[in-house]
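The following account leads through one protein model, moving from individual strand residues to the overall fold, the core, the central helix and the pocket. Please keep the sequence and coordinates at hand while reading.

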Amino acid sequence: QHHKLKSIESSLHGQDQLYYALPNIFNKNADDIELLIKRETREDKNKNSTESISSWYLTLKLDVGPLGQLLAKTQLSDDEIKLQLYTSTTELKNKALDMLPYLQRRLSAFGIELTEQSCQLGKIPTQLKSEHYQIFETQV
């Protein structure tokens, strides 16, 4: 219900956004798996007719146990994906780089093209969604 309230609150502010915190079933001592989904719509001015183009932005924060944490940022438009991976450790970065060709082949099997990809060390945020407490949230 908490996630539904957050989604409704985002919709009221004119944003198409969903946030989920899922329990990490692979490691009970690890942080939750966080998923943030946003949709942006922009108008395509290159064509004679006014047409809106939607892009989906998916951000995933995953605790990989002793290897560290991974942050995946993707942009999905039609049948192409742009992917940026950030890891907290060099070992996890190397493993992620090793898996990117497999991911690219898997996506192409579904007709999705991985047009841009990168993997680098980076600072992983403690939480994907900042909390904005409302009166009805603090009194529940």
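Ile 53 is placed in strand β3 of what is a predicted model. With a relative accessibility of 21%, Ile 53 counts as partly exposed, because the buried class requires a value under 20%. Along the chain, Ile 53 and Ser 77 are 24 residues apart, while their C-alpha atoms are separated by 8.2 Å.

A second isoleucine offers another view of the strands. Ile 33 belongs to strand β2, which covers residues 33-44. Its relative accessible area is 14%, and Ile 33 is therefore buried, the cut-off being under 20%. When neighbours within four places in sequence are set aside, the contacts of Ile 33 fall on Tyr 20, Ala 21, Leu 22, Pro 23 and Asn 24, as well as on Leu 60, Lys 61 and Leu 62. Ile 33 and Asp 63 lie 30 residues apart in sequence, yet the distance between their C-alpha atoms is 6.9 Å.

These residues can now be set within the whole chain. The protein contains three helices and six strands, and their order along the sequence is α-β-β-β-β-β-α-β-α. Of the 140 residues in the protein, 29% are buried. Among contacts between residues at least 6 apart in sequence, 42% join residues at least 24 apart.

Two loops deserve attention. Gly 68 sits in the loop between β3 and β4; its relative accessible area of 13% makes it buried. Beyond its neighbours within four places in sequence, Gly 68 touches Leu 62, Asp 63, Ser 88, Thr 89 and Leu 92. The C-alpha atoms of Gly 68 and Thr 87 are 7.2 Å apart in space, with their positions 19 residues apart in sequence. The loop between β4 and β5 holds Asp 78, and here the relative accessible area is 71%, so Asp 78 is exposed. The backbone of Asp 78 has a positive phi, near 50°, although the residue is not glycine. As background, most residues other than glycine have a negative phi.

Which residues form the largest nonpolar core? There are twelve: Leu 67, Leu 70, Ala 72, Ile 81, Leu 83, Leu 85, Leu 92, Ala 96, Leu 100, Leu 107, Leu 114 and Cys 119. Two or more residues of this core come from each of β4 (69-77), β5 (80-87), α2 (90-109) and β6 (113-121). The greatest contribution is that of α2, with four residues. Apart from this core lies another, of six residues, including Tyr 19, Leu 36, Tyr 86 and Leu 128. In soluble globular proteins, nonpolar side chains tend to be buried together. One member of the largest core, Ala 72, is in contact with Leu 58, Thr 59, Leu 60, Leu 83, Gln 84 and Leu 85, once neighbours within four places in sequence are left aside.

The helix α2 merits a closer reading. Its buried residues are Leu 92, Ala 96, Leu 100 and Leu 107, and the elements covering them include β4, β5 and β6. What span should α2 have at 1.5 Å a residue? For its 20 residues the expected span is 28 Å, and the end C-alpha atoms are 30 Å apart, which agrees. The helix nevertheless has a kink of about 35° at Met 99, shortly before the proline Pro 101. After α2 comes Gly 111, which has a positive phi, near 80°.

The same helix also takes part in the largest pocket, whose volume is about 310 Å³. Of the 14 residues lining this pocket, those closest to its centre are Leu 70, Leu 85, Ala 96, Met 99 and Leu 103. The elements that supply two or more lining residues are β3 (51-63), β4 and α2. The largest share, seven residues, is provided by α2. Several names recur at this point: Leu 70, Leu 85 and Ala 96 are among the residues closest to the pocket centre and also belong to the largest nonpolar core. Met 99, likewise among those closest to the centre, marks the kink in α2.

Note on methods. Residues numbered from 1 in each chain as written. Predicted model: local features only at pLDDT ≥ 70, side-chain atom pairs only at ≥ 80, totals over all residues. Heavy atoms only, no water. Core = buried A, V, L, I, M, F, W, Y, C linked by side-chain atoms within 4.5 Å. Buried < 20%, exposed > 50% of the residue type's maximum accessible area, 1.4 Å probe, protein only. Contact = heavy atoms within 4.5 Å. Expected span 1.5 Å × (residues − 1). Bend = angle between axes of the 7 residues up to and from the residue. 1 Å grid on protein atoms, 1.4 Å probe; cavity = no way out; pocket = protein on both sides within 12 Å on 5 of 7 lines; lining within 4 Å. Points joined across faces, edges and corners; volume = space filled by probe spheres on them.
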